[in-house]
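Dear colleague,

I am handing over the structure we spoke about, and my notes on it follow directly below. Please read them with the model open beside you.

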Amino acid sequence: MATPHIEVNDKNKFAKTVLMPGDPLRAEYIAKTYLTDVEKINNVRNMFGFTGYYKGKKVTVMGSGMGMPSIGIYSYELFDIYGVENIIRIGSCGSYMERAKVYDVILATQAYSESSYAKVAFGYPENIMDSNKELFAEIKASAQKLNYPIIEDIIHSSDVFYRTNGNVFEDVVEKYGCVGVEMESFALFANAKKLGKRAACLLTVSDSLVTHEVTTSEERQTSFNKMMEIALETAANL
Ligand code: HPA
């Protein structure tokens, strides 16, 4: 059952809920900071995965890498091969709107994308994929319980970080109302839809394409911690 990307041979090494930051070193940080009885379960390509316990509940954290091709591979294998039921992406995003300030936490309702991922993979013609509604509601409830404000809105999943063609504010923000941009959720949501699983996405705003505010690494860490606590609280309650 090991795959070319994940060296795990036993399904039970994965929890039913996986938190996926883009950066595998974030996965390590989360495991070391928040989980007990941690076991490192994947090393292939340094895409570290860890399974441990949070408030007594088994949870896995594993990196997704950057972009839809990367999260597309890992999340498909987790859902399809390893029996994972819930994936919560915990990432960063750029803000397209002044109301989403750096360090704010966004819970994606949907992801719009120009990507061909859903069409090529599954024949889905839609350019918008939905977050799972139940998982979304669980995450929202966890944020409320912790008293951390969140912005609930549609986001843009882009294949391109360095864009010089066209105007993203005209092409994406005005047309689709996207509050921010990241590079993974559309593929994650498409995989979940195809495989009958649940996926959602929490993001902290790391930079603003409107105000060009800069973040310090310390502030980034604090806001990232809030997002992680929301995701972990959700995992503990599933
Ligand atoms: N673009 C795409 N993905 C991102 C950004 C961005 O500006 N910031 C964080 N993730």
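A residue is called exposed here when its relative accessible area is over 50%, buried when that area is under 20%, and partly exposed in between. By that cut-off D37, at 63% relative accessibility, counts as exposed. Please keep in mind throughout that this is a predicted model, and that the values below were computed from it.

To stay with D37 for a moment, this residue is found in strand 2, and its phi is positive, about 50°, although D37 is not a glycine. What lies across from D37 in space, although 15 residues away in sequence? The residue in question is G52, whose C-alpha is 5.2 Å from the C-alpha of D37. G52 belongs to strand 3, which covers residues 49-54, and its relative accessible area is 0%, so G52 is buried, whereas D37 is exposed.

Strand 2 runs over residues 36-42 and also holds N42. Is N42 buried or exposed? With a relative accessibility of 0%, which is under the 20% limit, N42 counts as buried. The side chain of N42 has two backbone partners that I would ask you to look at: a polar atom of that side chain lies 2.9 Å from the backbone nitrogen of E7, and the side chain of N42 also reaches the backbone oxygen of M47, again at 2.9 Å.

Now to the ligand, which may be the part you wish to inspect with the most care. The space that the ligand takes is the largest pocket, and the residues that surround the ligand are S92, C93, G94, F161, V181, E182, M183, S206, D207 and L209. Sorted by character, the shell around the ligand divides into five nonpolar, three polar and two charged residues. Which strands each supply at least two residues of this shell? They are strand 5 (86-95), strand 9 (180-182) and strand 10 (198-208), and the largest share, three residues, comes from strand 5.

As for individual distances at the ligand, a polar side-chain atom of D207 lies 3.0 Å from a nitrogen atom of the ligand. On the backbone side, a polar backbone atom of G94 is 3.2 Å from a ligand nitrogen atom, and a polar backbone atom of S92 is 3.5 Å from a ligand nitrogen atom. Taken alone the ligand exposes 260 Å², and the protein buries 85% of that.

Two serines share a loop that deserves a separate paragraph. S113 sits in the loop between strand 6 (105-112) and helix 3 (117-122), and S116 is likewise found in the loop between strand 6 and helix 3. How do they stand in terms of accessibility? S113, at 2% relative accessibility, counts as buried because that value is under 20%, while S116, at 43%, counts as partly exposed because that value falls between the two limits. S113 and S157 are 44 residues apart in sequence, yet their C-alpha atoms are 5.1 Å apart in space. For S116 I can offer a pair of another kind, since S116 and Y29 are 87 residues apart in sequence and 33 Å apart in space, C-alpha to C-alpha.

Finally, there is H212, which lies in the loop between strand 10 and helix 7 (217-237). Its phi is near 60°, a positive value in a residue other than glycine. At 58% relative accessibility, which is over 50%, H212 counts as exposed.

With kind regards

Technical notes:
Residues numbered from 1 in each chain as written. Predicted model: local features only at pLDDT ≥ 70, side-chain atom pairs only at ≥ 80, totals over all residues. Heavy atoms only, no water. Near = heavy atom within 4 Å. Polar contact = N/O pair within 3.5 Å; in protein donor to acceptor, adjacent residues only side chain to side chain. Areas by Shrake-Rupley, 256 points an atom, 1.4 Å probe, with all protein chains shown as cover. 1 Å grid on protein atoms, 1.4 Å probe; cavity = no way out; pocket = protein on both sides within 12 Å on 5 of 7 lines; lining within 4 Å. Sits in = over half its atoms within 2 Å of the grid points. Helix = DSSP H or I, 4+ residues; strand = E, 2+ residues; numbered from the N terminus. Nonpolar A, V, L, I, M, F, W, Y, C, P; charged D, E, K, R; others polar. Buried < 20%, exposed > 50% of the residue type's maximum accessible area, 1.4 Å probe, protein only.
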